[in-house]
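Me: I'm new to this one, so let's go through it together. Can you show me the structure, and then I'll ask how you know what you tell me?

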Amino acid sequence: MANTQTHWNQIFDQKPEQELGWYETDVSQTMACLTPVEINQYTTVFVPGAGTSHLVDELVRRGCHLILNDISDSALAKLNSRLGHGNHEFLHHDMATPLKTSYDVDVWIDRAVLHFLLTNAEIETYFDNVRRSVVSGGYVLLAEFSTTGAEKCASLPVHRYSIEDMQSRLGNGFTLIHSEDYIFINPFGQQRPYLYALFQRD
Ligand SMILES: C[S@@+](CC[C@H](N)C(=O)[O-])C[C@H]1O[C@@H](n2cnc3c(N)ncnc32)[C@H](O)[C@@H]1O
């Protein structure tokens with residue numbers, strides 16, 4: 001975790017959020033993908049790499065219980081000072097390793113975290129975490145660089161995803177509900193093709 005954590009901490013310590021390649025204030029496209037999902041005060045949402053994302057503020061407005069994880073404690077500190085107290089808890093964990101606590105997660109929302117895991121072992125551990133956490137009837141939204149997307153993000157190589165890759169790694173117990181290609185325009189005006197896919201657990 002040390003090297004990866006240092007890398008991400010340097011980014012969050014050194015750059016204003018407006019200069020992060022994934023900076024987005026209008027999260028309506030992500031929320032539209034979550035239309036079939038009820039998110040309210042009874043919902044537990046797990047965000048495996050929250051960063052300083054403004055999606056979190058929208059989820060806070062829905063009143064759900066949020067578990068906000070990140071490998072970067074600098075990102076979590078910034079998010080903590082922005083959000084203050086509320087129905088959320090912070091977790092500092094490398095998602096390439098097994099979660100130490102069991103969670104009953106209704107909705108798992110990953111935007112641009114999974115694609116940083118490169119080895120089969122890391123990716124398998126991530127999906128084991130999903131399967132151990134998401135309850136029956138729960139949802140998983142994966143938003144990762146698509147097969148036509150960039151090969152790097154934040155100076156790191158990424159594993160780009162197709163629907164087939166996501167589905168086979170999740171396993172048969174998850175049904176694809178919705179998917180869409182989305183071209184995110186980053187703060188530098190560059191196109192970043194993403195694949196968004198919403199799955200429901202049987
Ligand atoms: C491209 S940013 C996306 C942040 C946020 N999801 C968003 O949409 O703005 C990737 C995030 O994943 C975190 N991250 C990278 N590798 C991770 C890992 N192995 N475990 C947990 N978080 C990780 C980074 O610190 C960073 O906050």
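Me: What makes up the shell around the ligand, by class?
Reply: In this predicted model, the shell has eleven nonpolar, six polar and three charged residues. A residue joins the shell if one of its heavy atoms lies within 4 Å of the ligand. There are 20 such residues, and the closest are G49, D70, D94, M95 and R111.

Me: Why is the pair between D70 and an oxygen atom of the ligand called a polar contact?
Reply: The cut-off is 3.5 Å between N or O atoms. An N or O atom in the side chain of D70 is 2.5 Å from that oxygen, so the pair counts.

Me: What about the nitrogen atoms of the ligand, which residues do they meet?
Reply: A polar side-chain atom of D94 lies 2.8 Å from a ligand nitrogen, and a polar backbone atom of M95 is 2.9 Å from a ligand nitrogen. Both values are within 3.5 Å, so these are polar contacts too.

Me: How much of the ligand does the protein cover?
Reply: The protein covers 97% of the 590 Å² of accessible area that the ligand has on its own.

Me: Where does the ligand sit?
Reply: Its space is the largest pocket, with a volume of about 720 Å³. The lining has 39 residues, and W8, G49, A112, V113 and F116 lie nearest the centre.

Me: Which element gives the largest share of that lining?
Reply: That's α1, with three residues.

Note on methods. Residues are numbered from 1 along each chain as its sequence is written. This is a predicted model: local features need pLDDT of at least 70, side-chain atom pairs count only at pLDDT 80 or more; totals for chains, interfaces and linings use all residues. Side-chain values use heavy atoms; hydrogens and water are left out. A polar contact is a pair of N or O atoms within 3.5 Å; within protein, one must be able to donate a hydrogen and the other to accept it, and residues adjacent in sequence count only if both atoms are side-chain atoms. Accessible areas come from the Shrake-Rupley method with a 1.4 Å probe; for residues, only the protein chains shown count as cover. On a 1 Å grid over the protein atoms alone, a cavity is a set of points where a 1.4 Å probe fits but cannot get out, and a pocket is an open set with protein on both sides within 12 Å along at least five of seven lines; lining residues have an atom within 4 Å of a point. A molecule sits in a cavity or pocket if more than half of its atoms lie within 2 Å of its grid points. Ala, Val, Leu, Ile, Met, Phe, Trp, Tyr, Cys and Pro count as nonpolar, Asp, Glu, Lys and Arg as charged, and the others, Gly among them, as polar. Grid points are joined across faces, edges and corners, and a volume is the space filled by probe spheres set on the points. Helices (H or I, at least four residues) and strands (E, at least two) are DSSP runs, numbered from the N terminus.
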